[in-house]
Structures are given as C-alpha cells and as structure tokens.
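Please walk through this model with me, beginning at the relation between its chains and ending at the nucleic acid.

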Number of protein chains: 2
Amino acid sequence: MNALLIQTIRRRVALSEAEADSLCSFFEKRSLKKKEWLFREGEVAHSVAFVCSGVMRVFADDEQGHESTLQFAPVDWWVTDLASFIKQEPALWKVEAIEASEVLLLSRSNQLRLFSVLPQMESYFRVITENALVAQQQRLQDANSASALERYKSFCLKYPSLVDTVAQKHIASYIGVSPEFLSKMKSEIIRGKRF
Amino acid sequence: MNALLIQTIRRRVALSEAEADSLCSFFEKRSLKKKEWLFREGEVAHSVAFVCSGVMRVFADDEQGHESTLQFAPVDWWVTDLASFIKQEPALWKVEAIEASEVLLLSRSNQLRLFSVLPQMESYFRVITENALVAQQQRLQDANSASALERYKSFCLKYPSLVDTVAQKHIASYIGVSPEFLSKMKSEIIRGKRF
DNA sequence: TTGATTTCTTAATCTAGATTAAGCCATTGT
DNA sequence: ACAATGGCTTAATCTAGATTAAGAAATCAA
C-alpha cells in the first residue's frame, strides 16, 4: 500500500479503500542506484514507472553522439518510453536514475488487466496522457519559435526543484542548446543583463 | 451514419452495428470553406473535429508575429486545441480549413457522455492520444537535434499527400524554418545536391 | 588524501538558418 | 480582362547558437 501513489491518482479519479488496496497489488517496487538504468534503447520498456523518490531522466543519443533529453521525472511523475511500452517493441529512448530512486513498476500486461478491473484507471491514464500531450505541444512550439533563454525560463518554471540539482549538461540537452551556451546564458543572467 | 468515421474507429476498437449507429448520433456535421475557422485563439474549442474531406491546420502566432504550425489534419485525422477542449477554457491555438472541408464535430459534453455509454470509446481516445504523444516526442527530438533538411524529409514521410498541395510557408512554419530557407533547401534538393 | 575523471566556464571562431529586400509568378476578386 | 494581393525565389547580409579548445572547479575512486 503506497500512500503517495494512491494520493496522486486520487487527485484525478475516485478510488475506494478496497480499490486502492487492490490497485497496489498490480505494482512492483524497485530501487535504483544513481546512474542505474530502468532500460536502455533496444530493450523493451516492459513497465511504466511511478517515481516515489529520486529523479529519473528519459533521453537518447542523436547521430552526432549528442544527448537529447525528452523528460525529467521527479517525485510523483510517471516515466517510460511510451512507444515501446504500448507496442512492447524495442525502445528508442533510455531511462536512467539521475540520483538514487525508488519506483513502482506497472507492467503492460498488468496495466491492461487493471483497465478491465478498475475502469476509472483507464480514465486516469487517458487524462494524464492528454496532459502530457498538451505540455509537449507547448514545448514543441517553444522549440520552433522561442529563444534559448525563453526555453531555459520555461524549464525553470516547469521543474523548479531540478534547476540546482540536475547537471547543467542535462538541462542543456533538455532545452536543446550546447552546455557551453547554457553556461554563457547563466553568467549573463547573473550579471543581471536580462531574465 | 458516416462510413469513414466508423471504419476509422473500428481499426482500433470493436463496434457492433447498433453501437456504430448510436455513435454517429453524438456527432454534428459541418462544412467549412477554404480559410474558414473552426475556432480562433481566445475562443473555447467546444468540439474535437474528425476530418471527412479537405485539410485542416492548427497554428498560433508567436510574439514576432510569425506563425507556428502544430499539426496538419488531412482526411480521417482528428483535430482540436486539446488543452482548450479538455478544460473548456480559451484556446491558445487556432484551427482553419486550408481547403474546403467537411468535418464531424464531437462536443466535449457529448464526448464525456459517449465515454459512459460506450466505454470502448474511452479506450479509443486513450489510444489515439498515446499515439499522438509518441509522434510529438519524435518531433520534439527532431526539433532539438535534427537539421532543417532532416525535418523536411520527416514531414514528407508523415504527410506525403500534403507536400505538393499545402502552401510552402505553412510547411516552413511546421518544420520551424523561414519560408525563404525552405525555398533554398528545395532548390538544392532539385539540383541533386543531397536528399 | 590524492590522483583521475567529469563537469563547468570562458573565449575565439565558425555556420545554419534568419532577415531584408527585390523581382516574378499565380490567384482572386471585381 | 485587369489590377491587386499574396506566394515563391534568389541573393546579400546578419546573428543566435555550435564548435573547438583550454583552464578551473567539482566529484569520484581507491
């Protein structure tokens, strides 16, 4: 019985005590050390993970060997490679723990069983997927039309807890600039030029 | 009773004849002339639209007055401003018909009623939302790490029917380059330099 | 604790793509 | 049929951000 999980889900859909109990039995707990993988590209994302503690990161390497970070997942966020998870085919993204983390894993087969046992969980996942899509749309618009500085500001608003804890090169790969350029922007911000 | 709508939905979930009939009663048909709006930014996206004929486009203007195209919707695609639709609050995007189009409108209240009457329709929308999110993730990675030429190639693969029918400035605003630069890339492609 | 590795910063140089501007071609409305 | 408006092309110039490189600071391993 994981209180954080239940509380997070109840923000969106109703669950009786019995349902909450039953729900937890579909999940499996796992601890990850810093820099440990949940899975890598090429492996199948068997599960979607709910972060109980720590921070996870979803990223991939492009042709030139640079990393591109799709998502950070701090406490109470969900994380997986969605394409791999829904089709159960090899992942294009990899997921690692940025710091020591505890996650609750829901396998794809358990998720589908869960949908038939507790239909409100299908609503729950529809809603959080819709919200993720909306957030992604905003980010895509920013990638096409906002400056690097504006994207950095958006990052700071979206993930305030990560601004000073996550490596800058990871933040740079999330907003889509080189680490050197992020460093330059930050020193300009400190010198009070703008922001 | 709209055959294209039913056929499209049946690619993902099962519908009996009676269910298909009932389903159609939730939709309202609307014809749009070329350049007519489904809605603009500031209005509420009351409905999600299924495109029966024609092509729709979702876009917004950034601060410098440049357009940013989020999505094209050719025949049998769904289109709306998702954030506005799910929260029934003013839209940040606008949706217009690129050419004369026929759409089937599903209002938010009808959608929620539909979910309770035909639960497989909740599965249907969860699945297409998941797929849209996966596509968006790929596009975001491209925006951060692929060149303009590669993004243009991806566009050509994703929307082959639109490459020669949609205005180039709209394609440019979708892949995130200036119309002038797209024109330059195309002439380099024709001169056989690369692609 | 110390050496080794990784991360961050700074600065010079370079480039993909933006901007500006001008001319041409295609549609559209009257 | 004809202007007029909007879309496309080409070319010159400009700039945000990449790349390269090298030193400083932090983190890690033993």
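Which residue of chain B comes closest to the rotation axis? That residue is B:Arg126, whose C-alpha lies at 2.3 Å from the axis. The model is a predicted one, in which local features need pLDDT of at least 70 and side-chain atom pairs count only at pLDDT 80 or more, while totals for chains, interfaces and linings use all residues. Residues are numbered from 1 along each chain as its sequence is written, and chains are lettered from A and ligands numbered from 1 in the order in which they are written.

A turn of 180° with a shift of 0.0 Å along the axis lays chain B on chain A with an RMSD of 0.0 Å, the copies being superposed by least squares on the C-alpha atoms of residues with pLDDT of at least 70 in both. The two copies are thus related as by a two-fold rotation axis. The same surface serves both copies, since 100% of the contact residues of chain B recur in chain A; contact here requires C-beta atoms, placed from the backbone, within 7 Å.

The contact draws 27 residues from chain B and 27 residues from chain A. On the side of chain B that touches chain A, strand 5 (67–73), helix 3 (82–87) and helix 5 (119–145) each supply at least two residues, where helices (H or I, at least four residues) and strands (E, at least two) are DSSP runs numbered from the N terminus. Helix 5 of chain B gives the most to this side, with 18 residues.

Within chain A, helix 6 (residues 148–158) and helix 8 pack at an angle of about 80°, with their axes 11 Å apart; the axes are lines fitted to C-alpha atoms over the stretch in contact, and angles run from 0 to 180 degrees between N-to-C directions. That makes helix 6 of chain A roughly perpendicular to helix 8 of chain A, a term that covers 65 to 115 degrees. Here A:Ala148, A:Leu149 and A:Tyr152 of helix 6 meet A:Phe181, A:Leu182 and A:Met185 of helix 8.

Turning to the nucleic acid, 16 residues surround DNA strand D, and the closest are A:Ser178, A:Phe181, B:Gln168, B:Ser183 and B:Ser187; a residue is near the strand if its C-beta atom, placed from the backbone, lies within 6 Å of it. Helix 8 (179–190) of chain A, together with helix 7 (168–175) and helix 8 (179–190) of chain B, are the elements that give two or more residues to this surface. The largest share, 6 residues, comes from helix 8 of chain B.

Notes: Angles under 35 degrees count as roughly parallel, over 145 as roughly antiparallel, 65 to 115 as roughly perpendicular and the rest as oblique. Two residues are in contact if their C-beta atoms, placed from the backbone, lie within 7 Å.
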